[in-house]
Amino acid sequence: MLVEVLTTAGRWNTEQPLLTYRVPTALEARLRRGQLIAVPYGDRLDEGIVWRVLADDEAAISLLEEGIELRDLSSILDETPALLPHQLELARWLSEYYATSLAHTVFNMLTPGLLQRSRFVLKLSQEALEDAMRSASSQDASLRLRALLGLLHTDGSLDVEQLKKMLGKTKAQQLLKEIKQSNLIVREPELVEGRAKIRLRRAVRLLVKGEELLIWREQLEERLRHAESEATAGSEVPHSVSASQATTKASANPWSLGTTASATLAPPVQSKAGLIIQRQLAALDLLQQSLNRGSPWTPAALCRATDLTERQLRQLEDERIISIERQELRRDPLQGRALPASQPLTLTQEQEQALRAVLDAVREGEQGTTPKPILLHGVTGSGKTEIYLQALAAIIAQGKRGVILVPEIALTTQAVQRVAGRFPDRVAIIHSELSVGERYDEWRRIRAGQVDVVIGSRSALFAPLPDLGLIIIDEEHEAAYKQSELKPTYHAREAALKLGEILRIPVVLGSATPAVESYHRAERGRYQLVELKGRIGTTLPPVEIVDLRVELRAGHTSIISRRLHEGLTNVLEQGQQAILFLNRRGAASCILCRDCGYTALCEHCDIPLTYHSTERVLMCHYCGAQSKPLRYCPACQSAEIRYFGLGTEKVQRTIQKMFPEARLLRWDRDTARNRHAHEALLDRFASRQADILIGTQMIAKGLDLPGVTLVGVVSADIALNLPDYSSPERAFTLLTQVAGRAGRGSEAGHVIIQTFNPEHFCIDTASRHNYDEFYRMEIETRERYGYPPFRQFVKFTYSHSNRHRCQLEAMRFSERLTHWINRLGLVNTDIVGPAPAMLERVRNKYRWQMIARGPDLHRLLRVVDAPDWEIDIDPISAL
DNA sequence: AGCACGCCGACT
DNA sequence: GTCGGCGTGCTC
């Protein structure tokens, strides 16, 4: 039997991704696809994943003809596959679509820290051992001693890294060369465990239960009485101090002796032996109670709680009533979190219909047809989550399991708690802010089938959940679903759709503001469109637009307009809450006329120009075209044209000055660095310890804060004027989502948007909560300019420490691309750029990029040979 | 990636 | 002369 393997070292070898090994007969029966195995690779041991098991030896023959002799795989590292068959199939697609090697793709689908590290150790050779054995029986005392020393060291092995550290690189290398020639020491390859480890701790376990335990108790109580009578008979005077200590300890303990009648009714103990027995009985009580209360007792904690010494506790172990053993400790990301049980709510008619559509699709899949993905377009607050939960409950009842993907930020909030509360103990959470250990424990629970629902960020899609029956992507328009830093640069939505196709299960895409691309697909019939038009319990808040040009003309230069000031005053007077939102994404500052709202756009791309203060030029970060900075507004000749940038700190200072008594909370990347900080901020605001929350787009997503009656958008202009084709979509989404935060409670809410561009169609449509109209206008622009979804984009980025070499390579590469495009005869396909990247210098490296655009670029990608270039397929931004 | 091998500059 | 830099090639 043969096996095709992807190896970690072979990750970089794109030409020969799969290596073939022979399977030793002893392992044949145990071998499965997706298992992690150890294989010999060159002179070392490497980790691999089983891609395919080949029954016939035809492949072996053809490899032999090429002069390649097959080697045996070394061992199976983990019996349970790390990836399920459908995930391997997904990996194949990901690798092809996102132009990433198969091995790279597969290994990046595994939970972090799982992979083992390959290294070398030095050990005594077999020859040296045999020699030592011979000498051990020698007459010569010193020889025997040497033999003994040698044997003592057989277990200890020295790893080569350590040797290098101890001796320095060159000395070590020299020594290793000598070792190679010596026949006493051998250099052996081995694998060491990755960072993801099972956490063990000592735990006390009750070995007897029920009846048997009662019998033991009686025996101990009998012994206690016996000890007491002995003590009285011998007139032993007990240490009164220790006796009283025991009683205080026992009564201070929440699960004190009081639970069993015998202990409560027992008279104060007189003898020392009796005292110990009484404490042992208390220990048994605590252990029994912990049986139904989750976390087990460690010996140390139990001793502390009962005043026993470990020696005295071990007496119970000797009697085989308890055992002290190393137990697996689960690291639970939700530990200590209040998870209020959430009951299914009664659905509205709209919700009922949506749920039915999902379940019909499930049934369709069961009958062998691939169900259409469902685009669930529901306004903010229309109850999408409840539909997800009930759909999940329905498939769980059929013995299946489901995944809900949420954008990164939502993981710190209420959504997770709601899901976890609905399916207690049957939910796993996966996202990047968990520790490697927490993630590993969740991953293993998932793999073992201990959960029904996985909720997490995009990578949760790769959790090996058996019997997957439904995939839900909440807020499907979110950019967080696109991976761009690491290969493969996949979009979780696309990956989920593929998985749905492979497994014939429905994929539900939910959003109040679907991605333009998604809505387009729904229109063309690729998705089934399901709409929820009504909010539950409340209505959508009215949106008021404040024209900042008018404010300026009236002499009000503050960043807080009179209307917003008025609104905030009201909120504070009424003891309600407000959110002030400011978009500050990127360092980009756009050029804006403060009189007429004119923004400078690139004449080739219709994308806002960015001002570069160092070179004093306006530049298009899309095509690279440069122009002179403007001194007067081309539209109204005003000199009030300047670049525009604004921060949350500035807003905070201004508001504090306006309302000295108001309690402010700032929420952005500077004040909330990790998930605990996020939660703490949210808790503070939700519990009304602050009146006004000031933040960036982080606060726009999915928060359900009933106390908020006013949402102010300090400036919509930065969002509108990001120099990217997708900025209208992002602006619309953002404004709609932010507005959706208002008026979710009993008080009516309203929204104030400040802008220099009140006529902009994004602001206009968002203020009327009119997705449809926004979509019509945006899709037309996309079509006119050939932006996605009408053409595919691929971004190529090159980085180099030398700016000129970087630019030069970019130019040369763009010529090569153009050449390939022509040779392949690709129609309607071209290259935009090269241009410096949005952040031209990152970690002392210059970055240049270009965009290839065309109806389908995969033919191009197949011929592109650019190992030094980052290739991002369907980039989330053209910047 | 890791680790060989291999071919040129700055020091004991 | 040796030490040590990192360019190139290989791994079923």
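Buried here means under 20% relative accessible area, exposed means over 50%, and partly exposed is whatever falls in between, with a 1.4 Å probe and protein chains only. The model is predicted, so local features need pLDDT of at least 70 and side-chain atom pairs count only at pLDDT 80 or more, while totals for chains, interfaces and linings use all residues. Residues are numbered from 1 along each chain as its sequence is written, chains are lettered from A and ligands numbered from 1 in the order in which they are written, and side-chain values use heavy atoms, with hydrogens and water left out.

By that yardstick R320 is exposed, because its relative accessible area is 59%. R320 also has a positive phi of about 60° although it is not a glycine, and its place is the loop between α14 (310–318) and β10 (322–328). Helices (H or I, at least four residues) and strands (E, at least two) are DSSP runs, numbered from the N terminus. Another positive phi outside glycine turns up at H769, near 50°. H769 belongs to the loop between α27 (761–767) and α28, and at 23% relative accessibility it counts as partly exposed.

Stepping back to the whole chain, chain A has 30 helices and 32 strands. Of its 879 residues, 53% count as buried. About 41,800 Å² of chain A is exposed, and carbon and sulfur atoms supply 50% of that; such areas come from the Shrake-Rupley method with a 1.4 Å probe, and for residues only the protein chains shown count as cover. Contact means heavy atoms within 4.5 Å. Among contacts in chain A between residues at least 6 apart in sequence, 76% join residues at least 24 apart.

R447 gives an example of a link across the sequence. R447 and A82 are 365 residues apart along the chain, yet their C-alpha atoms are 7.9 Å apart in space. R447 sits in helix α18 (residues 436–447) and is buried, with a relative accessible area of 15%. Neighbours within four places in sequence aside, R447 is in contact with D78, T80, P81, A82, P464 and P466.

Next comes a sheet. Five strands make an open sheet in the order β2-β1-β4-β3-β5, with antiparallel pairing. Its edge strands are β2 (19–22) and β5 (75–76), each of which pairs on one side only. Two strands pair if DSSP finds at least two bridges between them. Strand β3 (residues 36–41) and β5 pair in the antiparallel sense over two bridges: A38 stands opposite S75, and I37 has I76 as its bridge partner. On pairing with strand β4 (residues 44–54), β3 forms six bridges, again antiparallel, and V39 stands opposite D46 there. The β3 and β4 hairpin has two residues between the strands, and G42 takes a positive phi near 60° in it. β3 is mostly covered, five of its six residues being buried.

A cluster of cysteines comes from the record. The UniProt annotation "binding site", from an unreviewed entry, covers C593, C596, C633 and C636. These cysteines span 44 residues in sequence, yet no two of their C-alpha atoms are more than 8.6 Å apart, so they gather at one spot. UniProt positions are given in the numbering used here, feature names are shortened, and annotations may be inferred rather than shown by experiment. C593 lies in strand β20 (residues 590–593) and is buried at 0% relative accessibility. Beyond four places in sequence, the contacts of C593 are Y598, C633, C636, S638, E640 and I641. C633 is in the loop between β23 (626–627) and β24 (641–644), buried too at 1% relative accessibility. With neighbours within four places again left aside, C633 is in contact with C593, C596, Y598, S638 and I641.

As for the nucleic acid, A9, W12, R44, F120, K164 and R187 are the residues around DNA strand B, where being near means that one heavy atom of the residue lies within 4 Å. Sugar and phosphate account for 50% of the atoms of DNA strand B that come within 4 Å of the protein.

Finally, cis peptide bonds. One joins K487 and P488, with omega about -10°, and P488 is in the loop between β15 (468–474) and α19 (492–503). Another joins P788 and P789, with omega about 10°; P789 is found in the loop between α28 (771–785) and β29 (792–800).
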